[in-house]
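Colleague: Could you take a close look at one part of this model for me, beginning with a loop and working inward from there? I'd be glad of the details, residue by residue.

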Amino acid sequence: MHRLTSYVPDRDWDVPVDDPRIRHDLVPDDPATLPPQMKAYPGGLEVLPLPRDLPDPGVSATAVLAGVAAPARPLDAAQLGRILFLGAGVVRSGERNGRRILFRASGSAGARFPLEVYVSARNVAGVPDAVYWYDAVEHALVRIGPAAEGTATTLVVTGVPWRTGWRYAERGWRHLYWDAGTLLAQLWAAADSAGLGTRLRSLFPDATVRELVGADGVHEYPLALLSLGDGDPAIRPSKPAAPGDLPEVELPLCTGAQRAGDRDTLGEPWPAGEPLTDVPSSATLDEVIRRRGSQRRMDRSRTLPADLLRWPVAAALRGVPVPHWVAVHGVDDVTPGLYRWPELDKPARAGDLRDELLRVCLNQDLAADAAYVVIAATPAETLDDRGYRDAQLAAGIVEGRLHLAAYALGAGASGMTFVDSDVPALLGEPGELATLLFTCVGVPEYRSRPGGGPGDPVAVRMVVPRLTDS
């Protein structure tokens, strides 16, 4: 999967690899095959509207990202709706090629949002115990199955490979995990800000969870679980869920990669990481998420203070063991060059890397205009099939936290793709390095309009990123 979906300098990103495991009969960005932005269910299923007045706990975004414990609040329909909305809610809408585009609260490459969110509810005030699909447009729960065994209400994030494969082909499988990570970063933060004792798991019995949410394992499959509390996750179905409708377009390489990592056990939760002692002031998490956007243009002429590098990266990597590097372009009192986190006193490579980052990132100007670029990568030989999934997810979570930290402190951020084969030389690492994700952080050239509330997305115009001619 990694090799066949890697970009190389002598092949355009949208040209498929000459390999029989790659589909060559699909045209990227073909309007005729554009997948719907959300799953669909037949009429007749019970629908539970969620309260649209969201109960903001008033906890600062920086306190949540630092791991400061928040007072516990009751888990009721309003609080559950708040968590779902701050992760997967529709906050903005725009128009592209005559079609309405839904922009979610969390970031997604190309606004594809190849994810669905389900709730296996247990003991949520105002929500009967059952399994639900979250309808982000209506801000409602659609009941798709009876209550599952277990005691802790659990959110299930699934991936829909064709929704992102339509643009990025088989490489879109990586995007499933990157985008799931950015979504989970916000769901996790929203639940933690309400003191709900959130637990993230990426090791779970895949077949059991597929049955729980009605995913077929080909056109949709579960990526992660987020339980609200310390109890036994409610994931053992008493009856298969209603499947819903998705386009039946398969990318066999993606199906094979996903199935190779299938397991039949429930793992331990991810470690939360030690809290940070330094907590800068910021707006509440709810405010920051609504103002967060995917920054498409940054001001190369302006720099960021060193604290806006050190603190956001420390907060983003709290509890995450995946190695990261930082390419510094314009940070006050930090010599331009490449650093391996957390060693910011002496660069591994000193000098201006803007042109090199621009080339490695397919001439997308954000890579050179940002104040710094955070790079996740890990030795490929350390990963098995499930570990590869976890590494991609971890990189997405770091990106999502970086987004929140940057926006909380007045900067901007955006994820970035890359030419895989050029990254080892950039980092001075062996060629078998598995590069995971780039995140650009810098001074915004414009400010995104704050997102709207449930059922009331803000209309926005599309901002086109700058591209340097190759």
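Modeller: Happy to! Let's begin with Asn123, which sits in the loop that links β4 (115-121) to β5 (130-135). Keep in mind as we go that this is a predicted model. The phi angle of Asn123 is near 60°, a positive value in a residue that is not glycine. Asn123 has a relative accessible area of 63%, and since anything over 50% is called exposed, it belongs in that class.

A second residue of this kind is Asp333, in the loop between β10 (324-328) and β11. Here phi is near 65°, again positive in a residue other than glycine. With a relative accessibility of 79%, Asp333 is exposed.

Follow the chain through β11 (337-340) and you reach the loop leading to β12 (349-350), where Pro342 is placed. The peptide bond between Trp341 and Pro342 is cis, with omega at about 5°.

One more stop before the interior is Val460, in the segment that follows β16 (458-459). Its relative accessibility is 21%, so it counts as partly exposed, the buried class being reserved for values under 20%. Leaving aside residues up to four places away in sequence, Val460 touches Arg92, Ser93, Gly94, Phe103 and Arg449. Ala257, in contrast, is 203 residues from Val460 along the chain, and their C-alpha atoms are 37 Å apart.

Now for the interior. The largest nonpolar core holds 148 residues, and the members that touch the most others are Leu80, Leu141, Tyr372 and Phe438. The element that gives the most to this core is helix α11 (residues 385-408), which supplies 13 residues. That makes α11 a good place to linger, and two of its helix contacts are worth walking through.

Take helix α4 (residues 172-193) to begin with: its axis lies 7 Å from that of α11, and the two pack at an angle of about 50°. At that angle, α4 is oblique to α11. The crossing is right-handed. On the α4 side, the contact includes Trp173, Arg174, Tyr177, Trp178 and Trp188. Smaller names on the α4 list include Ala180, Gly181, Ala185 and Ala189. On the α11 side you will find, among them, Tyr388, Arg389, Leu393, Gly396, Ile397, Glu399 and Leu404. Sorted by type, the residues of this contact are twelve nonpolar, six polar and four charged.

Then there is helix α8 (residues 307-316), whose axis comes within 8 Å of the α11 axis, crossing at roughly 140°. Roughly antiparallel would need over 145 degrees, and α8 and α11 are therefore oblique to each other. As α8 passes α11, the crossing is right-handed. Trp311, Pro312, Val313, Ala315 and Ala316 of α8 meet Val398, Arg401, Leu402 and Ala405 of α11. That contact breaks down into eight nonpolar residues, one charged and no polar.

If you keep one residue in view while turning the model, try Arg401 of α11: it appears in the contact with α4 and in the one with α8.

Key. Residues are numbered from 1 along each chain as its sequence is written. This is a predicted model: local features need pLDDT of at least 70, side-chain atom pairs count only at pLDDT 80 or more; totals for chains, interfaces and linings use all residues. Side-chain values use heavy atoms; hydrogens and water are left out. A nonpolar core is a set of buried Ala, Val, Leu, Ile, Met, Phe, Trp, Tyr and Cys residues joined through side-chain atoms within 4.5 Å. Buried means under 20% relative accessible area, exposed over 50%, partly exposed in between (1.4 Å probe, protein chains only). Helices (H or I, at least four residues) and strands (E, at least two) are DSSP runs, numbered from the N terminus. Axes are lines fitted to C-alpha atoms, for helices over the stretch in contact, and angles run from 0 to 180 degrees between N-to-C directions. Angles under 35 degrees count as roughly parallel, over 145 as roughly antiparallel, 65 to 115 as roughly perpendicular and the rest as oblique. A crossing is left-handed if the near helix is turned anticlockwise from the far one by less than a right angle, and right-handed if clockwise. Contact means heavy atoms within 4.5 Å. Ala, Val, Leu, Ile, Met, Phe, Trp, Tyr, Cys and Pro count as nonpolar, Asp, Glu, Lys and Arg as charged, and the others, Gly among them, as polar.
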